[in-house]
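Reader: I have a structure to look through and I'm new to this. Can we go over it together?

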Amino acid sequence: MKLIRAIVRPKKVEAVVERLSAEGFHAYTKVDVSGRGEQKGVKIGETHYDELSKTMILIVVEDKDKTKVVDIIAREAKTKRKGSLDAGEIKFKMGVDGVAGDGKIFVSTIEEDYTISSYMGI
C-alpha cells in the first residue's frame, strides 16, 4: 500500500477530491497547513508572504492505484491560466499550465494498517 500526501492550493481541493471520488477513491483526510516551497513565499506588490495556506490531502491506496491517483491529483491541482496575470514579481503567460505554488505530492510505503473499530489487539 502507498500513502499519498498531496499539498495543494485550497481553491483546488474540491476539484481534486471530487475527481478522486468519481474514480472510486472515496477515503481521504484533509488537513489545513501552511508553509513555503522552493520559491520561499511570494511577494505581491510591496507585501511578502513568507508562508502560504495550503491543504494537505492524505490518501492510502493499493500499489496498483498509485500512478492513477498521483495523476488525478496532479491534473486537478495544477493551475490553468487563460490570459496573463502580473502579481508582483510573478508573471503568468498565456496558455501556460502549472505555476510555482501549485503544490507537491509525496508517496511513501505503508507497511501495515489497522482499523481501530475492528482491532482485537495482541
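Reader: Start with the surface. What area does the chain expose, and what share do carbon and sulfur atoms supply?
Author: The chain exposes about 8600 Å², and 51% of that is supplied by carbon and sulfur atoms. Accessible areas here come from the Shrake-Rupley method with a 1.4 Å probe, and for residues only the protein chains shown count as cover.

Reader: Where do the numbers come from?
Author: This is a predicted model, in which local features need pLDDT of at least 70 and side-chain atom pairs count only at pLDDT 80 or more, while totals for chains, interfaces and linings use all residues. Residues are numbered from 1 along each chain as its sequence is written, and side-chain values use heavy atoms, with hydrogens and water left out.

Reader: OK. How many helices and strands are there?
Author: The chain has 2 helices and 8 strands. Both are DSSP runs numbered from the N terminus: helices are H or I with at least four residues, strands are E with at least two.

Reader: And which pattern do they follow along the sequence?
Author: The pattern reads β-α-β-β-β-β-α-β-β-β.

Reader: What percentage of the residues is buried?
Author: Buried residues make up 26% of the 122 in the chain. Buried means under 20% relative accessible area, exposed means over 50%, and partly exposed is in between (1.4 Å probe, protein chains only).

Reader: Now α1. Which residues are buried there?
Author: Val13, Val16, Val17 and Leu20 are the buried ones in α1. Looking down the axis of α1, they fall within an arc of 90°, so they line one face of the helix. The arc is taken from the directions from the helix axis to the C-beta atoms.

Reader: Why would residues a few places apart point the same way?
Author: An α-helix has 3.6 residues a turn, so residues three or four places apart point the same way.

Reader: What do those buried residues pack against?
Author: The buried residues of α1 pack against β1 (2-8), β2 (29-35), β5 (52-61) and α2. Contact means heavy atoms within 4.5 Å.

Reader: And which exposed residues are on the face turned away?
Author: Glu14 and Ala22 are exposed on the face of α1 turned away from its buried side. After α1 comes Gly24, with a positive phi near 95°.

Reader: How do the helices pack, angle-wise?
Author: α1 (residues 13-22) and α2 (residues 66-77) pack at an angle of about 145°, and their axes are 8 Å apart. The axes are lines fitted to C-alpha atoms, for helices over the stretch in contact, and angles run from 0 to 180 degrees between N-to-C directions.

Reader: Which residues make that contact?
Author: On α1, Ala15, Val16, Arg19 and Leu20; on α2, Val69, Ile72, Ile73, Arg75, Glu76 and Ala77. By class, the contact has 7 nonpolar, no polar and 3 charged residues. Ala, Val, Leu, Ile, Met, Phe, Trp, Tyr, Cys and Pro count as nonpolar, Asp, Glu, Lys and Arg as charged, and the others, Gly among them, as polar.

Reader: Ala15 wasn't on your buried list. Why does Ala15 count as partly exposed?
Author: Ala15 has 29% relative accessibility, so Ala15 counts as partly exposed. The C-alpha atoms of Ala15 and Arg75 are separated by 9.8 Å, with their positions 60 residues apart along the chain.

Reader: What about Val70?
Author: Val70 is in helix α2 and is partly exposed at 24% relative accessibility. Leaving out residues up to four places away in sequence, Val70 touches Ile4, Ile105 and Val107.

Reader: Last one, the loops. Where is Lys80?
Author: Lys80 is in the loop between α2 and β6 (85-87), and Lys80 is partly exposed with a relative accessible area of 48%. Another loop residue is Arg36, between β2 and β3 (42-44). Arg36 touches Gly41 and Asp50, again not counting residues up to four places away in sequence.
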